[in-house]
Amino acid sequence: MTKKSSLVALGLAAALALTGCAGGGNNGGNAGEGKAGAALTIAKPDGAIATESNNPWVGDSSALKLGYINSILEPLALINLANPSEAATPWLAEKVEWSEDYKSVTVTARDGVKWNDGKDFTAADIAYTFQMFLDHPALDIDAMGLTKVTEDGNKVTLDFENSMFVKQEKVLHKRIVPKHIYEGVKDPATYDFKEAVGTGPYKLTKFDTQSVELTARDDYWGGKLAVPKLYYVSYNDNTALTTALANGDADWAQAFIPNVKSAFLDKDPEHNVQWAAAGLGIDAMYVNTTKAPFNNLAFRQAVNDVIDRHKHQEVAREGAVPAIKSITGLPTPAGDPFIQEEYKGKDYKVDVDAAKKILTDAGYTGVGTKLVDPQGQPVSFTISVPQGWNDYVTGISLIADSVKALGAEAKVNTPDSDTWWDNKGKGDFDAILHWTDTGATPYNIYNNTMGGMYLKPIGEQADFNFGRYDNPEATAQLAEYANATDDAARTAALDKVQQIFVNDVPAMPIGTRPYIGSYNTRNYVGWPNEKDPYAPADPTQVNSVLILTKLKAAAK
């Protein structure tokens with residue numbers, strides 16, 4: 001699947017034209033021949049790097065899209081979104097202390113840190129960064145609800161309107177900016193920040209439309225770095241990026257690679273790796289609960305019973321991501337600690353007989369041949385995703401095939417992305433395949449699919465809960481989970497949330513939405529993987545700074 005991009009296309013030849021960039025992988029050698037002190041080329045399939053912008057908040061900035069912002073600006077702490085039940089790793093804050101109700105947090109600024117222009121990093125920089133969210137509300141895209149920032153010596157206390165328990169990573173992962181650079185900017189939401197001053201391990205040394213060069217700092221607070229230079233390159237599409245990875249011209253990437261085994265892994269089985277860490281985000285089929293056929297619970301339950309999640313993983317996602325198993329919709333293993341006792345060990349399975357019985361008991365006729373609802377209407381619906389989102393198109397085609405066993409007719413529609421996007425928000429659809437947000441708790445999966453905070457009338461744009469599932473009890477329990485002040489209350493609320501999700505089928509989990517990272521170990525080792533999941537392997541995530549500090553030269 002490809003998200004909308006404002007960047008224009010860039011050919012493979014142009015992307016590799018820069019000499020330093022082209023030698024990032026094996027530097028022209030054969031696969032398996034490492035080189036000490038090699039540069040690392042980090043790639044995306046988003047097209048040309050149109051203009052330089054190092055703005056850490058604007059989604060279309062070059063620094064955010066390519067991910068190099070994470071090598072320059074650093075967060076307070078790191079939450080391992082590949083294993084979110086772990087304690088946060090202190091970073092620019094050497095200590096993080098949440099209040100019992102999670103409505104405030106006190107952070108202690110790390111001593112001995114310098115900005116890459118030689119100035120000292122202090123608590124004033126933390127306080128200034130968060131004060132910007134109060135002074136410029138447009139920057140608060142995560143709706144933190146910050147109410148007050150208090151600086152006291154080397155400590156900063158942040159107060160919030162509501163509990164931040166379900167948004168801990170939104171707070172701790174905010175990139176801290178230098179007060180002495182940003183304080184003169186009138187509109188930080190639109191400023192490009194060409195002075196890329198940060199506390200991070202690398203410094204921006206060259207920018208052009210072909211690649212971005214960063215050089216390791218010799219005064220980095222975190223110690224000596226194994227990789228001396230980073231090159232960030234954007235290829236025209238997934239095909240060009242896959243070719244670069246297979247040839248060793250790119251070393252690390254975030255992209256879905258079709259036929260990943262033959263296209264990438266088998267090109268150098270000893271060194272090429274792809275790891276898709278299943279965080280707490282999923283792909284789900286959102287269904288319009290305001291009209292037939294999905295306004296009928298029995299039909300939702302029956303469709304849920306015939307969807308083949310394993311086939312989706314093997315065919316639509318080509319085996320490159322983990323399958324979704326638990327009937328709670330929570331991915332494994334990230335979601336395992338959050339699965340309530342009632343549902344532990346209960347996995348999705350295709351059960352056509354059970355689905356047919358549900359429909360028969362609910363008054364449907366023609367079950368398995370030509371399905372007719374209790375009102376006497378033939379059952380049909382349309383599933384839509386944008387054209388060109390190949391894995392999603394394959395996914396909805398598989399679902400359409402699955403419901404034939406019930407006697408229902410499912411049509412596949414692939415409009416252009418702008419039309420689909422507009423219809424999705426307005427609720428002008430029968431069913432769509434779409435993602436949920438991720439985070440450090442299951443809150444986003446459940447809130448995105450059934451939270452009342454997103455409810456809009458049909459015709460008005462909704463940010464989530466596209467199917468207009470309206471259940472005040474679900475909304476109340478989600479709020480209870482988010483604002484509870486102790487683990488017992490959270491567990492009780494999450495138990496009720498999961499019961500509603502499993503029994504009422506507001507949306508249907510289809511597959512995991514993992515953090516995908518592809519890399520090679522020819523020159524450097526120490527990467528995160530399934531056996532050592534200390535961070536997602538996605539180079540665009542804030543955790544990538546931790547990976548860069550853990551890499552070591554490969555033994556020769």
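Start with the whole chain in cartoon view: the protein has 17 helices and 20 strands, where helices (H or I, at least four residues) and strands (E, at least two) are DSSP runs numbered from the N terminus. This is a predicted model, in which local features need pLDDT of at least 70 and side-chain atom pairs count only at pLDDT 80 or more, while totals for chains, interfaces and linings use all residues. Residues are numbered from 1 along each chain as its sequence is written, and side-chain values use heavy atoms, with hydrogens and water left out.

**The whole view**

Line the model up on its principal axes, and the C-alpha atoms fill a box of roughly 75 × 55 × 40 Å. The radius of gyration, taken over C-alpha atoms, is compared with a globule rule of 2.2 Å times the number of residues to the power 0.38. For 556 residues that rule puts a compact globule near 24 Å, and the protein agrees with its 24 Å.

Now switch on the surface. About 21800 Å² is exposed, with carbon and sulfur atoms supplying 47% of it; these areas come from the Shrake-Rupley method with a 1.4 Å probe, and for residues only the protein chains shown count as cover. Of the 556 residues, 55% are buried (under 20% relative accessible area, with exposed over 50% and partly exposed in between; 1.4 Å probe, protein chains only).

Contacts (heavy atoms within 4.5 Å) are worth drawing too: among those between residues at least 6 apart in sequence, 70% join residues at least 24 apart.

**Colour by confidence**

Next, colour by pLDDT, the predictor's confidence in each residue, from 0 to 100. The mean is 91, and 94% of the residues reach 70 or more. Then select residues 1-33, where pLDDT stays under 50 although the model has 82 contacts beyond four places in sequence for them. Where pLDDT is low, the predicted coordinates should not be read in detail.

**Two stops on helices**

Select Leu241, which sits in helix H7 (residues 238-247). Leu241 is buried, at a relative accessible area of 1%. Show its surroundings: beyond the neighbours within four places in sequence, Leu241 touches Ala43, Lys44, Pro45, Tyr235, Ala253 and Ala255. For a sense of scale, draw a C-alpha to C-alpha distance from Leu241 to Ser384: they are 28 Å apart in space and 143 residues apart in sequence.

Move on to Ser402, in helix H12 (residues 390-402). Ser402 counts as buried because its relative accessibility is 16%. Its contacts, apart from neighbours within four places in sequence, are Val306, Ile307 and Asp308.

**Backbone stops in the loops**

Switch to a backbone view for the last four selections. Most residues other than glycine have a negative phi, and most peptide bonds are trans.

- Ala292 to Pro293: this peptide bond is cis, with omega near 5°. Pro293 is in the loop between strand E13 (282-287) and helix H9 (297-306).
- Thr332 to Pro333: here too the peptide bond is cis, with omega near 0°. Look for Pro333 in the loop between helix H10 (309-316) and helix H11 (352-361).
- Arg468: its phi is positive, near 55°. The residue lies in the loop between helix H14 (443-450) and helix H15 (472-483), and Arg468 counts as buried at 5% relative accessibility.
- Val505: phi is near 45°, a positive value in a residue other than glycine. Val505 belongs to the loop between helix H16 (487-504) and strand E17 (507-512), and is buried at 2% relative accessibility.
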